[in-house]
Amino acid sequence: MALPPSPIRQIAFFVPDAWAAAHAHHAAHGSGPFLLAENIPLAQATYRGQPAHLDHSSAYGQWGDVMVEFVQQNNPGPSVFHDLYPEGSGRFGPHHTAIFVDDADAAADQWAAAGYPSAFRGVMEDGFVYHFADTTALCGMMTELYAATDQLRSFYDHVAAIAGDFAGHPVVRTIKL
């Protein structure tokens, strides 16, 4: 089954400290500024078909034409992040790319039928759903699927609009999601 063409909207890296990674990336590449959401609340999490708990923080910034995310896991235990970078291994690196889809659950079913099952399904407190399709055999990382809602597009547009605006502002700015 062929999957529809889908441009990459974001590249994400699993890191031990999202704040520090955002600062280091800015210093190396001039990216940002970054919006840091700490302890992102989820109303529901499913990891490999089982109920799960995921406490994570992410820093989002613009890197050229694509959003870059630095994500850290704040709680111990199995997760979609530890699938690629085992807990306690001290290893970190590229974790996923993100694409926009019409419907996250329908897209996850389509990707599963193509051989890339959902490793994680998250539901934000506002009902926003996203999946991580396990595409590690295809490209060495996961693929995040989420619906391009007006709110999500607005967030992406905001991150792009503030790119390079450091005048009187810190490189990393804290936000609530």
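The buried residues of helix α1 pack against four strands in this predicted model: β2 (34–37), β5 (56–63), β6 (66–73) and β11 (172–175). The residues in question are A18, A21, A22 and H25. Looking down the axis of α1, these buried residues keep within an arc of 100°, so they line one face of the helix. The helix itself runs over residues 18–29, twelve in total. From first C-alpha to last, α1 covers 16 Å, close to the 16 Å expected at 1.5 Å a residue.

Both ends of α1 have something worth a look. At the start, D17 puts a side-chain oxygen within 3.0 Å of the backbone nitrogen of W19. At the other end, the helix is followed by G30, which has a positive phi, near 75°.

Next comes the loop between α1 and β2, where S31 sits. With a relative accessibility of just 2%, S31 falls under the 20% cut-off and therefore counts as buried. Its side chain reaches back to α1's buried H25, making a polar contact of 2.6 Å with the side chain of that histidine. Apart from neighbours within four places in sequence, S31 is in contact with H25, H26, Q62, W63 and F166. S31 also pairs up in space with a residue from much further along the chain: G164 is 133 residues away in sequence, yet the two C-alphas are 7.1 Å apart.

The loop between α1 and β2 also holds P33. A cis peptide bond links G32 to P33, with omega at about 5°. As a rule, most peptide bonds are trans, and most residues other than glycine have a negative phi.

On the phi side, two residues are worth picking out. N39, in the loop between β2 and β3 (42–47), is not a glycine but has a positive phi of about 50°. R48, in the loop between β3 and β4 (50–51), is likewise a residue other than glycine with a positive phi, near 50°. As for accessibility, N39 comes in at 43% and so counts as partly exposed. R48, at 37%, is put in the partly exposed class too.

Back near the N terminus, Q10 lies in strand β1 (residues 10–14). Q10 is a polar side chain with hardly any accessible surface: its relative accessibility is 1%, so Q10 counts as buried. The side chain of Q10 is joined to that of E69 by a polar contact of 3.5 Å. Leaving out neighbours within four places in sequence, the contacts of Q10 take in Y60, V66, M67, E69, H96, T97, A98, E144, Y146 and Y156.

One of those contacts of Q10, Y60, turns up again in the largest pocket, which has a volume of about 550 Å³. Of the 24 residues that line the pocket, Y60, M124, F128, L152 and L177 lie nearest its centre. Which elements give two or more residues to this lining? They are β5, β6, β9 (129–133), β10 (142–147) and α5 (150–161). Helix α5 has the largest share, with four residues. Strands β5 and β6 thus appear in two places, as they contribute to the pocket lining and also pack against the buried residues of α1.

Notes. Residues numbered from 1 in each chain as written. Predicted model: local features only at pLDDT ≥ 70, side-chain atom pairs only at ≥ 80, totals over all residues. Heavy atoms only, no water. Expected span 1.5 Å × (residues − 1). Buried < 20%, exposed > 50% of the residue type's maximum accessible area, 1.4 Å probe, protein only. Arc of directions from axis to C-beta. Contact = heavy atoms within 4.5 Å. Polar contact = N/O pair within 3.5 Å; in protein donor to acceptor, adjacent residues only side chain to side chain. 1 Å grid on protein atoms, 1.4 Å probe; cavity = no way out; pocket = protein on both sides within 12 Å on 5 of 7 lines; lining within 4 Å. Points joined across faces, edges and corners; volume = space filled by probe spheres on them.
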